[in-house]
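Let's take a walk through this one together, from the helices to the empty space between them. Have the viewer open as you read.

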Amino acid sequence: MTSYPAWTPAPRPGIIPLHPLSFGVILGRSFSALRQNPKVLLGFALVVQTVAILVATAGIVAVGFATFGRLASLRPGTDEFETVLAGSIAISGATALVLSLASGALGVLVQGVVVSEVAHAVVAEKHTLGALWQRVKPVAWRLIGYSALVFLIVAVVIGVLAAGIIGLAVSVGPAAIVLAILLALSAIPLSLWLSTKLLLVPSVIVLEQASVFGAIGRSWRLTRGRFWPTLGIIVIISMSFGILAQVISVPFSFVTMGLTSVITPTGDPEPGQIIALLVGTLFAQAFVTLIQTIAVIVQSTAGALVYIDCRMRREGLDLDLSAYIDQRDAGTPAPDPYRRNVGRTMDGRWQQPAAYAGTQPGYPPPPAQYPGYQPVQSPPAGSPAPQQPATAAEPAVAPADRPSSTDWTAPGADRA
């Protein structure tokens, strides 16, 4: 037994240790970080997602009734019917596009709030929704602009490819089908690659106050060398929530069938089927909204943690975070650590210190800032070891007179 306590690592100040993170730590903390501030994160995200879904659904249904309702008073096959039908389709499509952009804008604002919360949780700080919004508010339009830019680029590319396939199908039908299949298959790795390279854009915009195109370039550089771990995190999180959504949808189909038999055991099945379908759809949509909300929080948390990990590896962000915590705990005003030393390179960060450098193989020569430094020269092979001169404090003892290491007696033995 020893009186000295066993060595234990210093406790981490926040939700992650302040050093470069492993794949498992990032993935695990992405799911567990929600417990840090669930009232703010889950409550805010759930309200925003619910409002977005209700507004989008109500808008699309209202426009659909208003536009397609005119077709009931027209004879099918006439020119007027075809004109109204085309106009109804165009108006409904434009409405769906606008509402999709609005929903995407609300979703990216949720991502910004989650990134802000994760950045504070790393340094063991817990803020209210208002305090988190103050960090997101100056760059809110940049987040919305980035979301709209991505949506428009994807829509334009899909529109051009669809037009080309339709034009090819008019002349060569089988070739158009083959081309459509090849494009659909090639879109999967392309979308995964772009999603990985652009994963850090919201984090860069929120934490560094960067512009949209500056954040795109910065995310592209930070993920260099960390592509495969980042891709693995994205795939695992997406597949987890996709499987969970499918698992939940199966019981609701049985619930709908059960409600149909309970509501209309012997009567006309049509009203009962409609009521059961509506009830089952509402319950299913409620659970799907909850899953989507949690998925947005987890994915945004993963993006923020990957951003912090990449900066710790490339720019030494962990040093800035540790210095910030020390200054804050000491009561000294500390600057924002995420906006310090942006773009700093930390090459040779873990090299051997110069104080241990010598002439041994594998060690660099001593630096010039240590004048008078004389490395210890190793004696040639086969030469006798140098004799140390005797000093007054420790006189020389002949080998024959040197006491043996086994000549030991217990304390008090001379009293026997």
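What follows goes from the annotated spans to two helix pairs, then to the pocket and the cavity.

Before anything else, keep in mind that this is a predicted model. A good place to start is the UniProt record, an unreviewed entry, which marks residues 41-65, 85-110, 143-169, 175-194, 227-254 and 274-307 as "transmembrane region". Pick out two of those spans and look at them in the model. Residues 41-65 are 100% helix and 0% strand, with 36 Å between the C-alpha atoms at the two ends. Residues 143-169 are likewise 100% helix and 0% strand, and here the end C-alpha atoms are 39 Å apart.

Now for how some of the helices sit against each other. Take α2 and α3: their axes come within 9 Å and cross at roughly 175°. An angle over 145° counts as roughly antiparallel, so that is what α2 and α3 are to each other. Sorted by class, the contact of α2 with α3 has 20 nonpolar, 9 polar and 1 charged residues.

A second pair to look at is helix α5 (residues 140-171) with helix α7 (residues 201-208), whose axes come within 10 Å and cross at roughly 165°. The pair α5 and α7 is therefore roughly antiparallel as well, and the crossing is right-handed.

On to the empty space. Rolling a probe the size of a water molecule over the atoms shows where such space is left. The largest pocket found here has a volume of about 1,600 Å³. It is lined by 46 residues, and the closest to its centre are Tyr146, Val150, Val154, Ser191 and Ser195. Several helices give two or more residues to this lining, namely α2 (38-68), α3, α5, α6 (173-197), α7, α8 (212-222), α9 (227-263) and α10 (269-315). Which helix gives the largest share of the pocket lining? That would be α5, with 10 residues. As for chemistry, the pocket lining has 31 nonpolar and 15 polar residues, and no charged ones.

Finally, there's the enclosed space. With 30 Å³ as the lower limit, the count comes to 1 cavity, and about 40 Å³ of space lies in the largest cavity. Its lining is made up of Ile15, Ala33, Gln36, Leu41, Glu117, Val118, Ala121 and Thr301. Helix α3 (residues 79-122) gives the most to this lining, with 3 residues. By class, the cavity lining has 5 nonpolar, 2 polar and 1 charged residues. So α3 turns up in three places: in the contact with α2, in the pocket lining and in the cavity lining.

Definitions and conventions:
Residues numbered from 1 in each chain as written. Predicted model: local features only at pLDDT ≥ 70, side-chain atom pairs only at ≥ 80, totals over all residues. Heavy atoms only, no water. 1 Å grid on protein atoms, 1.4 Å probe; cavity = no way out; pocket = protein on both sides within 12 Å on 5 of 7 lines; lining within 4 Å. Points joined across faces, edges and corners; volume = space filled by probe spheres on them. Helix = DSSP H or I, 4+ residues; strand = E, 2+ residues; numbered from the N terminus. Nonpolar A, V, L, I, M, F, W, Y, C, P; charged D, E, K, R; others polar. UniProt positions renumbered as here; feature names shortened; annotations may be inferred. Axes fitted to C-alpha atoms, helices over the stretch in contact; angles between N-to-C directions. Parallel < 35°, antiparallel > 145°, perpendicular 65-115°, else oblique. Left-handed = near helix turned anticlockwise from the far one by under 90°.
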